[in-house]
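Colleague: I've got this model open and I'd like to learn how to read it feature by feature. Could you walk me through it?

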Amino acid sequence: MMQPAMLNLTSLRIGQGYDVHAFAEGRRLILGGVDIPHTKGLLGHSDADVLAHAISDALLGGIRGGDIGKLFPDTDPAFKDADSLKLLAAVADKVREEGYEIIDIDSVIAAQAPKLSPYREAMRENLAAAMGIAKDNVGVKATTTEHLGFEGREEGISATAVCLLCRR
């Protein structure tokens, strides 16, 4: 990993990601690779890990590589019920193949329920391991929307993420 004094500001890139999934009966709730006890899970072609998806999109944005739907289309049966941490690991590999290092990730999950703070550290560990970076370089926060919007009505969960990349 590069030391801060060695950074050339023209070699830095940022990326932003956003994802949302609706709640559905009979699905597990997976966030940041953590199986969270809840009455509903998230609907999606993969395991619907909205946090891993938002981070993947941020990384792909940083390399101007489109989005995860382009890389892992939901029309491809190979990705049915896919582990989103494995998809994130593949995205991190692509970032490195393009000549960049992942410097930092920060993210926010918006969910009225369940309470996510007990799972935050496990999420950080899982996400860091999938990307091959230190846990200290992965931020995960959770917020409610004070009962406003689809998250507040408990219809689904959204996540946003930003990343900082540096060209090697």
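Modeller: Sure, we'll go through helices, loops, rings and cysteines in turn. Keep in mind that this is a predicted model.

Colleague: Let's start with H3. How many residues does H3 have, and what does H3 reach from its first C-alpha to its last?

Modeller: Helix H3 covers residues 84-97, which makes 14 residues, and reaches 20 Å end to end, close to the 20 Å expected at 1.5 Å a residue.

Colleague: Which residues of H3 are buried?

Modeller: Here's the general idea. An α-helix has 3.6 residues a turn, so residues three or four places apart point the same way. Now the case here: Ser84, Leu85, Leu87, Leu88, Val91, Ala92 and Val95 are the buried ones in H3. Looking down the axis of H3, the buried residues fall within an arc of 155°, so they line one face of the helix. Lys86 and Glu97, on the other side of H3, are exposed.

Colleague: And what covers the buried residues of H3?

Modeller: The cover includes helices H1 (50-62), H2 (68-71) and H4 (120-131), along with strands S5 (100-110) and S7 (156-167).

Colleague: What goes on at the ends of H3?

Modeller: At the N-terminal end, Asp83 acts as a cap, with a side-chain oxygen 2.8 Å from the backbone nitrogen of Leu85. Just after H3, Gly99 takes a positive phi of about 95°.

Colleague: Now H1. Why is H1 described as largely enclosed by the rest of the structure?

Modeller: Because 12 of its 13 residues are buried. Val50, Leu51, Ala52, His53, Ala54, Ile55, Ser56, Asp57, Ala58, Leu59, Leu60 and Gly62 make up that buried set in H1. The length of H1 agrees with expectation too: at 1.5 Å a residue, 13 residues should span 18 Å, and the end C-alpha atoms are 18 Å apart.

Colleague: I keep checking phi angles. Where should I look?

Modeller: As background, most residues other than glycine have a negative phi, and most peptide bonds are trans. In this model, Arg64 has a positive phi of about 60° just after H1. Ala48 has a positive phi of about 65° although it is not a glycine, and its place is in the loop between strand S4 (41-42) and H1. His147 also has a positive phi, near 70°, and lies in the loop between strand S6 (138-143) and helix H5 (149-152).

Colleague: Of those two loop residues, is Ala48 buried or exposed, and is His147 buried or exposed?

Modeller: Ala48 counts as buried, at 0% relative accessibility. His147 is exposed, with a relative accessible area of 55%.

Colleague: Where is there a cis peptide bond?

Modeller: Go to the peptide bond from Ala113 to Pro114, which is cis with omega near 0°. Pro114 sits in the loop between S5 and H4.

Colleague: What surrounds His21?

Modeller: Start with its place: His21 is in strand S1 (residues 12-24). His21 counts as buried, at 13% relative accessibility. Its side chain makes a polar contact of 3.0 Å with the side chain of Asp19. Leaving out residues up to four places away in sequence, His21 touches Leu42, Leu43, Gly44, Ala48, Val50, His53, Gly156 and Ile157. You've met Ala48 already, as the buried loop residue.

Colleague: How many aromatic pairs does a search of the whole structure find?

Modeller: The search turns up 1 aromatic pair. The ring centres of Phe72 and Phe79 are 5.2 Å apart and the planes lie at 75°, so the pair is edge-to-face. Both Phe72 and Phe79 are buried.

Colleague: Right beside Phe79 in sequence I see Ala78. Is Ala78 buried or exposed?

Modeller: Ala78 is exposed, with a relative accessible area of 58%. Ala78 lies in the loop between H2 and H3. The C-alpha atoms of Ala78 and Ser46 are separated by 9.6 Å, and the two residues are 32 residues apart along the chain.

Colleague: Last one: how many disulfides are there?

Modeller: The count is 0 disulfides. From the sulfur of Cys163, the closest cysteine sulfur is in Cys166, 12 Å away, which is too far for a bond. Cys163 counts as buried at 4% relative accessibility, and Cys166 is buried too, with a relative accessible area of 0%.

Terms used. Residues are numbered from 1 along each chain as its sequence is written. This is a predicted model: local features need pLDDT of at least 70, side-chain atom pairs count only at pLDDT 80 or more; totals for chains, interfaces and linings use all residues. Side-chain values use heavy atoms; hydrogens and water are left out. Helices (H or I, at least four residues) and strands (E, at least two) are DSSP runs, numbered from the N terminus. The expected span of a helix is 1.5 Å times one less than its number of residues. Buried means under 20% relative accessible area, exposed over 50%, partly exposed in between (1.4 Å probe, protein chains only). The arc is that of the directions from the helix axis to the C-beta atoms. Contact means heavy atoms within 4.5 Å. A polar contact is a pair of N or O atoms within 3.5 Å; within protein, one must be able to donate a hydrogen and the other to accept it, and residues adjacent in sequence count only if both atoms are side-chain atoms. Rings of Phe, Tyr and Trp (its six-membered ring) pair if their centres lie within 6.5 Å; planes under 30 degrees apart count as stacked, over 60 as edge-to-face and the rest as tilted. A disulfide is a pair of cysteine sulfur atoms within 2.5 Å.
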